[in-house]
Structures are given as C-alpha cells and as structure tokens.
Amino acid sequence: MPYLSWFLVFLCVPGTDPVAALETWLQLPSRQQDLQQQAFATQPLSKSQAEQTRRLLIAEDARQTKAHHEEEWKKKQITLGELNMKFDYTVFADKPADGRSLFISMHGGGNTSKSINDQQWENQKKLYKPIEGVYLAPRAPNDAWNMWFQPHMDAFFSRLIQDAAVFEEVNVDKVYLMGYSAGGDGVFRMAPRMAHRWAAAAMMAGHPGDVRADNLRNLPFTLHMGENDKAYDRNKQALVWKKLLLDLREQDPHGYTHEVVIQPGMGHWMQRKDAIAIPWMMKFTRNTVPRKIVWVEPLQPSFYWLAQAEFPADKLKAAKMVATVDQQNISIESEHFNGITLRLRDDLINLDQPISIRWNGKLLPEKSIHRTISTQRKTLLEHHDKGLCFDAEVKVQAP
C-alpha cells in the first residue's frame, strides 16, 4: 500500500490516538481531506490530550500565517476585499519573556480630505512612545466620519493582531487599543464591540455617540478629555461617561475597571498629557475566560466564551445577556436572546465533571460536552487567536 494511502487509512480508524493522528495529518504534504471531516477530530479528548492538540493546532496556524501573510507585513498594507489598510509601526525595547505588547493607535480626522487624514496619520505615528512593545498606527481604509468603526474594521484589527503575533512575537493577551479625536470615537465603539480582543483601551478626545458601555465589564477602560473640549459637547459627554462607568462599577464591584481623567485647562489638544494612559493600560493583561460576561448588541459572531447568538433581527439594540460561571454551574440571564453556544475550556470549568446550565433560573436538560480537535480547530480559525481557542462547545436554547 502506498505510504500516503496508509496515512489516510490510519486517520480514519475508529479509536485512533487523536494526538498521534493529528500529528500525522499535519505532516501530510497535501491535505486534501478537511480536518473537520476526520474521525479522530470528533473523538472525545482527555484534558492532557486537549492541551497537546491545542498546542499543535496553534503552532500550525502560526506557520500558515507566516507562509501566507509575510508579504503584507513587509509591505505594511493589508488588503481585505476591495479595501486596503496601510500601517506603520515602531518597536520599543527588547522583547519580554512573555512576548511584546501591541498598541493599535487610531488617528484623527474623519469626514475630510484624504490629505488631512494622511497628515493625521503621520502625526499619530509619532504621538506616543511606550516603554515597551509594538506601537502601530494604521491608516483608516477610507475617509469617513465613522472610518474606525465601520463593519470591516473588525476583520482588519483581527488581521493586525494575527500578523503581529507571528512577525513581531506579540503576546495576544497584551494588545491595547487607543485613539485620538476621530480615533477616540473609534475606541468608544470598537473597545466594547471587540472587548474580548483587548487587554485594555484608552479613549482620547473622542465622542461616544449612542454606544453602550455594558460590554466593558471585563475590559479596563480609560478616558482622557480636555476640560475645555467643547466641540460636539465632548467634555460634557466625558462627564456623562465618568458617572456611567462609576455607576456600573458600583453595581458590579468586580468589573468595569476604569479611569477617567479630565485635563484641566486643556482643549481638544491635550499636549500629550494623555500619554499617562499607556502605563495605566500596561498594568493589565487580557482574560479570555472571565467568570462573568455582559454582552449587549451582539455584533460579533463570538464574545469571550459565548458564540452564535440567536435573537430576533429587530431586537439587536435590546439584546442583552449576562452569563456567569460558579464552580460547575453556568447561569444565563437573557433579554431577547433565543439561543447561544457556550465555548468551554478547563481553565473556565472542569470538563470532566457534570455541568449544570440554567437559563433565567430554569435548569436546562443535561447535555454531553466533550473536548474535540474539531472544536479547537473551528474556534482557532475564527480569530487566529490562541487565547480564543476552546476545547468544547454546547448549544443551548431558551426554554
């Protein structure tokens, strides 16, 4: 029997050691058969096996990124569909043992000429100098008032993180979002929308619009505003958010870590006094498995260990879910959600012990939950983020 054919037979044998089978699959010169379709990919894994297969998949994902994205990183330009996003970056200090920090810093401008936005980008490149890390300033893909929070920005930011992790050895749990003026508008929107991707966020001199702060429950957030920044009532909105974040913190003392700084005597330009936000952010690393999640307006396909939210299309603005883990108990409190997929890992809950799930207080029927390579692969490929690679998932419906 040809060697390759023997490989394929081995992969399909029921009861095959899944770790060895995955190693074999990864060595195939041409992977014509989808990993998700392999019998070993759906075999239940032990905790030890799951740790081994997760490492193998993460390493392979990094190899694929290096092979296919090296040119875009060298050119400092990412193309997604018909849109291009240029970026520039500076690396500060030596790489720490746990990997570099990444600061994604969004420029001002907005609904103005290309030349003005280009000038704002040039300014942003030099605006801040962290003591360590990769300071990266992207150029918005277009010139619009909402340039930093249009739907395509989720994918662009995800790609930046994916590439920086491979080519500059960035620690994906030390990625920080920041922005000035129109870039600050972007922080107000993208910090809560992608809260599961950031370690902390800093908003400088922006306007929140109608965004809600609920999703910031597990994301340290700092806001900096000039006392006299009166255009669009930015200074008044900063005070509104100061009270809003304080109220959320008082209602939930283990969440909503924040710092609001109103710079006295300053207008829209704060003379770099807002740079104190960088060391404040650097105190924090991302937690991908918080024991409590608040998710409103679910614009992402997943959020921490929640995924594939089901809700009526006309209820997006009203949709809210609070999911908590207490030992082996998962509790879901929901408004307008009809169903959700729970993504699980042993650093969140013991997958070798029974798990109870309640929805608005009602105990749901028990479900089988298994660690599988299939789930690991699917969740890893969604973001190419090792921190959001999960071992098991279970779909639950509102009773």
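## A walk through helices, sheets and rings

Helix 5 is mostly covered, with 12 of its 15 residues buried. Keep in mind as you explore that this is a predicted model.

The buried residues of helix 5 include Met153, Phe156, Phe157, Leu160, Ile161, Ala164 and Phe167. Polar names appear in that buried set too, among them Asp154, Ser158, Arg159, Gln162 and Asp163. Does the length of helix 5 agree or disagree with what its residue count suggests? At 1.5 Å a residue, the 15 residues of helix 5 (residues 153–167) should span 21 Å, and the end C-alpha atoms are 21 Å apart, so the two agree. Just after helix 5 comes Glu169, which takes a positive phi of about 55 degrees.

Now for the sheet beside this helix. Eight strands make an open sheet in the order 1-2-4-3-5-6-7-8, with mixed pairing. Its edges are strand 1 (77–80) and strand 8 (258–263), each of which pairs on one side only. From one strand to the next, the twist averages 20 degrees. Within this sheet, strand 5 (residues 170–180) and strand 6 (residues 200–204) run parallel and are joined by five bridges. If you would like to find one pairing, look at Tyr176, whose bridge partner in strand 6 is Ala200.

Which strands does helix 5 lie across? They are strand 1, strand 2 (83–92), strand 3 (100–106), strand 4 (133–138) and strand 5, and helix 5 runs at about 135 degrees to strand 1. Helix 6 (residues 182–193) lies across strand 3, strand 5, strand 6 and strand 7 (221–226), running at about 130 degrees to strand 5.

Further along the chain, strand 13 (residues 329–335) is a good place to pause. Strand 12 (residues 320–326) pairs with strand 13 in the antiparallel sense over seven bridges, and Val325 has Ile330 of strand 13 as its bridge partner. These two strands form a hairpin with two residues between them, and Gln327 in the turn has a positive phi of about 55 degrees. Strand 13 also pairs with strand 15 (residues 356–359), this time in the parallel sense over four bridges. Here Ile330 appears again, with Ile357 of strand 15 as its bridge partner.

In a regular strand the side chains alternate between the two faces of the sheet. Strand 13 has a covered face made of Ile330, Ile332 and Ser334, and an uncovered one made of Asn329, Ser331, Glu333 and Glu335.

Finally, the aromatic rings. The count comes to 18 aromatic pairs. The rings of Tyr128 and Tyr135 have centres 6.4 Å apart and planes at 70 degrees; because an angle over 60 counts as edge-to-face, that is how this pair is classed. Trp295 and Phe303 make a stacked pair, with 5.4 Å from centre to centre and 15 degrees between the planes. Trp295 and Phe303 also belong to one aromatic cluster with Tyr304, Phe311 and Phe337. How much of each paired residue is accessible? The table gives the values.

| Residue | Relative accessible area | Class |
|---|---|---|
| Tyr128 | 2% | buried |
| Tyr135 | 1% | buried |
| Trp295 | 1% | buried |
| Phe303 | 0% | buried |

Some rings have a charged side chain over them. Lys125 lies over the face of Trp121, at 3.9 Å from the ring centre. Arg345 lies over the face of Phe390, at 4.7 Å from the ring centre.

Definitions and conventions
Residues are numbered from 1 along each chain as its sequence is written. This is a predicted model: local features need pLDDT of at least 70, side-chain atom pairs count only at pLDDT 80 or more; totals for chains, interfaces and linings use all residues. Side-chain values use heavy atoms; hydrogens and water are left out. The expected span of a helix is 1.5 Å times one less than its number of residues. Buried means under 20% relative accessible area, exposed over 50%, partly exposed in between (1.4 Å probe, protein chains only). Rings of Phe, Tyr and Trp (its six-membered ring) pair if their centres lie within 6.5 Å; planes under 30 degrees apart count as stacked, over 60 as edge-to-face and the rest as tilted. A charge sits over a ring if NZ of Lys or CZ of Arg is within 6 Å of the ring centre and within 35 degrees of the ring normal. Two strands pair if DSSP finds at least two bridges between them. Axes are lines fitted to C-alpha atoms, for helices over the stretch in contact, and angles run from 0 to 180 degrees between N-to-C directions. Contact means heavy atoms within 4.5 Å.
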